[in-house]
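I set out to record what I looked up in this structure, entry by entry. Each term is explained where it is used.

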Amino acid sequence: MVDESWYVALSAVLFTLGVVGVVLRRNPLVIFMSVELMLNAANLALVAFGHRFGNAEGQTLVFFVMAVAAAEVAVGLAIIVTIFRLRRRLSVDDLSLMRW
Amino acid sequence: MAHATFVIIAALAVASAVGLIVKKNPIHGALFLVVNLGCVAALYLTLGAEFLAAAQVIVYAGAIMVLFVFAIMVLIPGKEETGPDPRRRWRLIALPAGALLFLQLIVIVSVVRNSAAPAAGARPSGSVEAIGRLLFTDYLFPFELTSVLLLAAMVGVMLLSRRGA
């Protein structure tokens, strides 16, 4: 059996790649997908911790994260589509309306 | 055997994540993300979380990614990122910042690993029965809240995507 800390290390790698993707890219869809990557990394860490402690509560938490992620993706994509319909462009640099 | 499996799946997961953030075309990124989600599902299997592996494939790789691909097809943003980036210098700060974050996380993991970790308990059951029992006893209230959340998201999406909204 592989030690759980390797799973957590892999989760750290995936989370970091997600952060880099969010900062590096301009397309809001790709940024959104990078956020999904980070959520998945957190889920993997949760399952690994649950495995270490020998109970299934970590997996229950991952189930809730999945449900929230599904809701978040639906609302977020609807917002992106609405913005695109209004502006006909899709770059996060244009979306500075609420920036101070 | 278990080590070889883990190394292969982990390498595939990291490679597909890199592909997601490097590829210009968002469709390619979406396909790389599907590969990544599949790899994470396989890792859930190696951790004994069978229900989550199935849910990952159905909910993430199925429903969520179909939604993504659908949105990409609707928006056709394939040409959006070809022009020169006016803020390229600022964006590249992501690389050292990411390296710093990664270093931090790895230090935390290694410190926790070397400290007195709790002894590995009995292997948790990841079966539908075990998860369902937890969901309908200890986590009944969050479970019901999730249904309210999904309903609210559904109504919100309909409101947002209405013509002339």
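The entries below cover the conventions, the interface, chain B and the salt bridges.

**Entry 1. Conventions.** I noted that this is a predicted model, in which local features need pLDDT of at least 70, side-chain atom pairs count only at pLDDT 80 or more, and totals for chains, interfaces and linings use all residues. Residues are numbered from 1 along each chain as its sequence is written, chains are lettered from A and ligands numbered from 1 in the order in which they are written, and side-chain values use heavy atoms, with hydrogens and water left out.

**Entry 2. The interface.** I looked up how many residues each chain brings to the contact, where contact means heavy atoms within 4.5 Å. Chain A contributes 71 residues and chain B contributes 83 residues. Next I looked up the buried area, which is the accessible area (1.4 Å probe) that two parts lose on being put together, summed over both. The two chains bury about 7,000 Å² between them, and 73% of this lies on carbon and sulfur atoms. Of the area that chain A buries against chain B, R26(A), M33(A) and M66(A) supply 11%, more than any other three residues.

I then searched the interface for salt bridges (a side-chain nitrogen of Lys or Arg within 4 Å of a carboxyl oxygen of Asp or Glu). The rule finds 0 salt bridges across the interface of chain A and chain B. I also searched for polar contacts, meaning pairs of N or O atoms within 3.5 Å; within protein, one must be able to donate a hydrogen and the other to accept it, and residues adjacent in sequence count only if both atoms are side-chain atoms. Here the rule finds 7 residue pairs across the interface, both residues at pLDDT 80 or more.

**Entry 3. The side of chain A that touches chain B.** I asked which helices supply this side; helices (H or I, at least four residues) and strands (E, at least two) are DSSP runs, numbered from the N terminus. In chain A, α1 (4–24), α2 (28–53) and α3 (57–87) each supply at least two residues. The most comes from α3(A), with 23 residues. By class, I recorded 47 nonpolar, 14 polar and 10 charged residues on this side. Ala, Val, Leu, Ile, Met, Phe, Trp, Tyr, Cys and Pro count as nonpolar, Asp, Glu, Lys and Arg as charged, and the others, Gly among them, as polar.

**Entry 4. Chain B.** I found 7 helices and 0 strands in chain B. Of its 165 residues, 30% count as buried; buried means under 20% relative accessible area, exposed over 50%, and partly exposed in between (1.4 Å probe, protein chains only).

**Entry 5. Salt bridges.** I counted which pairs the rule accepts over all chains, and the structure holds 3 salt bridges. R52(A) pairs with D3(A), with the closest N and O atoms 3.5 Å apart. R52(A) lies in helix α2 of chain A and D3(A) in the segment before α1, so this pair ties together parts that are 49 residues apart in sequence. E4(A) also forms a salt bridge with R52(A), at 3.3 Å. D3(A), E4(A) and R52(A) are thus linked in a network of salt bridges. I checked their accessibility: R52(A) is partly exposed at 21%, D3(A) is partly exposed at 24%, and E4(A) is buried at 10%.

In chain B, E129(B) forms a salt bridge with R133(B), at 3.0 Å. Both lie in helix α6 (residues 128–135), 4 residues apart, about one turn of the helix. E129(B) is exposed at 54%, and R133(B) is exposed at 53%.
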